[in-house]
Amino acid sequence: MEERGEGCLTKLPFCDFCIRSGVLCNKCVEKIRRGENTQLDLEISRYLLSANIPAEVRKITFYRSIEGKNILTLIVEKGDALIFQTKGRKLVRKLSERFGRRIMIIERGVKDKELLEKLFSPMKILTLNTIWLPDGSKQTRVILARAAKYKLDEEDVKIWK
Ligand SMILES: [Zn+2]
(Lines give C-alpha, C1' and ligand atoms only; values in the text may rest on other atoms or scores of the structure.)
Protein backbone atom coordinates (compact mmCIF):
# COMPACT_ATOMS: atom_id res chain seq x y z
CA MET A 1 0.00 0.00 0.00
CA GLU A 2 1.43 3.32 -1.09
CA GLU A 3 1.12 6.66 0.61
CA ARG A 4 0.14 9.51 -1.63
CA GLY A 5 -0.27 13.23 -1.61
CA GLU A 6 -3.10 15.69 -1.88
CA GLY A 7 -6.00 14.91 -4.15
CA CYS A 8 -5.56 11.16 -4.15
CA LEU A 9 -6.80 8.31 -2.07
CA THR A 10 -4.38 7.15 0.55
CA LYS A 11 -4.35 3.44 -0.09
CA LEU A 12 -4.97 1.35 -3.18
CA PRO A 13 -4.05 -2.29 -3.89
CA PHE A 14 -1.56 -1.45 -6.68
CA CYS A 15 1.39 0.91 -7.01
CA ASP A 16 0.70 4.38 -8.40
CA PHE A 17 2.99 3.83 -11.34
CA CYS A 18 1.31 0.56 -12.30
CA ILE A 19 -2.15 2.10 -11.97
CA ARG A 20 -1.25 5.09 -14.11
CA SER A 21 0.73 3.29 -16.78
CA GLY A 22 -1.29 0.08 -16.95
CA VAL A 23 2.02 -1.76 -17.17
CA LEU A 24 2.28 -3.85 -14.03
CA CYS A 25 5.38 -4.58 -11.98
CA ASN A 26 6.01 -8.14 -10.73
CA LYS A 27 4.44 -7.40 -7.35
CA CYS A 28 1.19 -6.19 -8.93
CA VAL A 29 1.14 -9.00 -11.50
CA GLU A 30 1.48 -11.49 -8.61
CA LYS A 31 -1.56 -10.00 -6.86
CA ILE A 32 -3.68 -10.62 -9.93
CA ARG A 33 -2.16 -14.05 -10.55
CA ARG A 34 -2.91 -15.16 -6.98
CA GLY A 35 -6.46 -13.88 -7.32
CA GLU A 36 -5.93 -11.39 -4.54
CA ASN A 37 -6.93 -8.62 -6.91
CA THR A 38 -8.51 -8.45 -10.36
CA GLN A 39 -8.25 -6.45 -13.53
CA LEU A 40 -11.40 -4.68 -12.40
CA ASP A 41 -9.68 -3.67 -9.13
CA LEU A 42 -7.05 -2.06 -11.30
CA GLU A 43 -9.69 -0.15 -13.26
CA ILE A 44 -11.39 0.98 -10.06
CA SER A 45 -8.02 2.03 -8.63
CA ARG A 46 -7.32 4.02 -11.78
CA TYR A 47 -10.69 5.68 -11.52
CA LEU A 48 -10.19 6.52 -7.83
CA LEU A 49 -6.75 7.90 -8.54
CA SER A 50 -7.95 10.17 -11.34
CA ALA A 51 -11.38 11.17 -10.01
CA ASN A 52 -11.87 14.46 -8.27
CA ILE A 53 -12.29 13.07 -4.77
CA PRO A 54 -13.45 15.35 -1.96
CA ALA A 55 -10.81 15.92 0.72
CA GLU A 56 -12.82 14.08 3.38
CA VAL A 57 -12.87 10.92 1.31
CA ARG A 58 -9.17 10.93 0.45
CA LYS A 59 -8.13 8.88 3.44
CA ILE A 60 -9.98 5.68 2.64
CA THR A 61 -8.35 2.32 1.91
CA PHE A 62 -9.65 0.32 -1.03
CA TYR A 63 -8.72 -3.38 -0.84
CA ARG A 64 -10.58 -5.09 -3.64
CA SER A 65 -13.92 -5.42 -5.37
CA ILE A 66 -16.41 -8.22 -5.78
CA GLU A 67 -18.14 -8.17 -9.12
CA GLY A 68 -21.75 -9.30 -9.11
CA LYS A 69 -24.25 -9.19 -11.92
CA ASN A 70 -25.95 -6.03 -10.72
CA ILE A 71 -23.87 -5.05 -7.74
CA LEU A 72 -20.26 -4.05 -7.50
CA THR A 73 -19.01 -4.38 -3.95
CA LEU A 74 -16.01 -2.40 -2.81
CA ILE A 75 -14.13 -3.79 0.19
CA VAL A 76 -12.72 -0.95 2.25
CA GLU A 77 -11.06 -0.46 5.63
CA LYS A 78 -13.07 -0.61 8.85
CA GLY A 79 -14.69 2.77 9.42
CA ASP A 80 -14.49 3.79 5.77
CA ALA A 81 -18.05 2.76 4.88
CA LEU A 82 -19.35 5.62 7.01
CA ILE A 83 -17.21 8.06 5.05
CA PHE A 84 -18.78 6.82 1.82
CA GLN A 85 -22.28 7.04 3.30
CA THR A 86 -21.75 10.62 4.39
CA LYS A 87 -19.10 12.57 2.48
CA GLY A 88 -18.62 10.10 -0.34
CA ARG A 89 -22.13 9.77 -1.72
CA LYS A 90 -21.32 11.65 -4.92
CA LEU A 91 -18.30 9.43 -5.49
CA VAL A 92 -20.46 6.33 -5.03
CA ARG A 93 -22.87 7.71 -7.62
CA LYS A 94 -20.04 8.40 -10.04
CA LEU A 95 -18.59 4.91 -9.51
CA SER A 96 -22.00 3.46 -10.19
CA GLU A 97 -22.27 5.39 -13.47
CA ARG A 98 -18.75 4.50 -14.52
CA PHE A 99 -19.01 0.77 -13.77
CA GLY A 100 -22.67 0.31 -14.64
CA ARG A 101 -23.68 -1.34 -11.40
CA ARG A 102 -25.10 -0.52 -8.02
CA ILE A 103 -22.21 0.13 -5.65
CA MET A 104 -22.07 -1.53 -2.26
CA ILE A 105 -19.42 -0.49 0.24
CA ILE A 106 -18.45 -3.22 2.67
CA GLU A 107 -15.79 -3.03 5.34
CA ARG A 108 -13.06 -5.63 5.50
CA GLY A 109 -13.68 -8.53 7.86
CA VAL A 110 -17.44 -8.74 7.46
CA LYS A 111 -18.74 -12.33 7.59
CA ASP A 112 -20.53 -14.01 4.64
CA LYS A 113 -24.01 -13.82 6.14
CA GLU A 114 -23.51 -10.23 7.24
CA LEU A 115 -22.23 -9.33 3.78
CA LEU A 116 -25.23 -10.91 2.09
CA GLU A 117 -27.60 -9.21 4.49
CA LYS A 118 -26.08 -5.92 3.46
CA LEU A 119 -26.31 -6.84 -0.21
CA PHE A 120 -30.01 -7.61 0.05
CA SER A 121 -30.93 -5.04 2.66
CA PRO A 122 -33.70 -4.20 3.57
CA MET A 123 -34.88 -7.72 2.73
CA LYS A 124 -34.21 -10.33 5.38
CA ILE A 125 -32.35 -13.55 4.57
CA LEU A 126 -34.23 -16.67 5.62
CA THR A 127 -31.98 -19.40 4.26
CA LEU A 128 -28.54 -19.65 2.78
CA ASN A 129 -27.77 -22.80 0.79
CA THR A 130 -24.49 -23.61 -0.78
CA ILE A 131 -24.60 -25.86 -3.81
CA TRP A 132 -21.51 -27.44 -5.33
CA LEU A 133 -21.76 -27.70 -9.07
CA PRO A 134 -20.25 -30.58 -11.11
CA ASP A 135 -17.45 -28.34 -12.39
CA GLY A 136 -16.34 -27.74 -8.79
CA SER A 137 -17.63 -24.20 -8.57
CA LYS A 138 -19.87 -23.06 -5.77
CA GLN A 139 -23.21 -21.39 -5.98
CA THR A 140 -25.04 -19.85 -3.07
CA ARG A 141 -28.79 -19.70 -3.07
CA VAL A 142 -30.33 -17.01 -0.96
CA ILE A 143 -33.94 -17.23 0.11
CA LEU A 144 -35.27 -13.87 1.14
CA ALA A 145 -38.18 -13.09 3.40
CA ARG A 146 -40.17 -11.52 0.57
CA ALA A 147 -39.96 -14.82 -1.28
CA ALA A 148 -37.74 -13.30 -3.93
CA LYS A 149 -35.03 -15.77 -4.92
CA TYR A 150 -31.60 -14.79 -6.01
CA LYS A 151 -28.83 -16.98 -7.24
CA LEU A 152 -25.34 -15.80 -6.58
CA ASP A 153 -22.12 -16.98 -8.08
CA GLU A 154 -19.20 -17.78 -5.87
CA GLU A 155 -17.75 -14.37 -6.74
CA ASP A 156 -20.74 -12.66 -5.20
CA VAL A 157 -20.14 -14.19 -1.81
CA LYS A 158 -16.40 -14.48 -1.73
CA ILE A 159 -15.17 -11.89 0.67
CA TRP A 160 -11.88 -10.51 1.75
CA LYS A 161 -10.67 -12.26 4.88
ZN1 LIG B 1 3.19 -2.37 -9.15
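Start by selecting Gln39 and Ser50 on helix H3: both are exposed, meaning that 12 or fewer other C-beta atoms lie within 10 Å of their own, with C-beta atoms placed from the backbone. You are looking at a predicted model, in which local features need pLDDT of at least 70, side-chain atom pairs count only at pLDDT 80 or more, and totals for chains, interfaces and linings use all residues. Residue numbers start from 1 along each chain as its sequence is written.

Now turn to the other side of H3 and select Asp41, Leu42, Ile44, Ser45 and Leu48, its buried residues; buried means 20 or more such neighbours, and partly exposed is anything in between. They sit on the same side of H3 because they cover an arc of only 165° around the axis, taken from the directions from the helix axis to the C-beta atoms. Show H1 and E1 too, as they are included in what covers these buried residues. The labels count helices (H or I, at least four residues) and strands (E, at least two) as DSSP runs from the N terminus.

How far apart are the end C-alpha atoms of H3? They are 17 Å apart, which agrees with the 16 Å that its 12 residues should span; the expected span is 1.5 Å times one less than the number of residues.

Next, step into the loop between H3 and E1 and pick Arg58. Arg58 counts as partly exposed because it has 17 C-beta neighbours inside 10 Å. Add Lys11, which is 47 residues away along the chain, and you will find 8.9 Å between the two C-alpha atoms.

Then head for the largest nonpolar core, which has 27 residues. Such a core is a set of buried Ala, Val, Leu, Ile, Met, Phe, Trp, Tyr and Cys residues joined through C-beta atoms within 7 Å. Select Phe62, Leu74, Val76, Ile103, Ile105 and Ile106, the residues with the most contacts inside this core. Among the elements giving two or more residues to the core are H3 (39–50), E2 (71–76) and E3 (102–107).

Zoom in on Ile105: beyond its neighbours within four places in sequence, Ile105 is in contact with Leu74, Val76, Ala81, Phe84 and Val92, contact being C-beta atoms, placed from the backbone, within 7 Å.

Finish on strand E3, where five of six residues are buried. E3 runs parallel to E2, with six bridges joining them; strands pair if DSSP finds at least two bridges between them. To see one bridge, select Thr73 and its partner in E3, Met104.

Note on methods:
Two residues are in contact if their C-beta atoms, placed from the backbone, lie within 7 Å.
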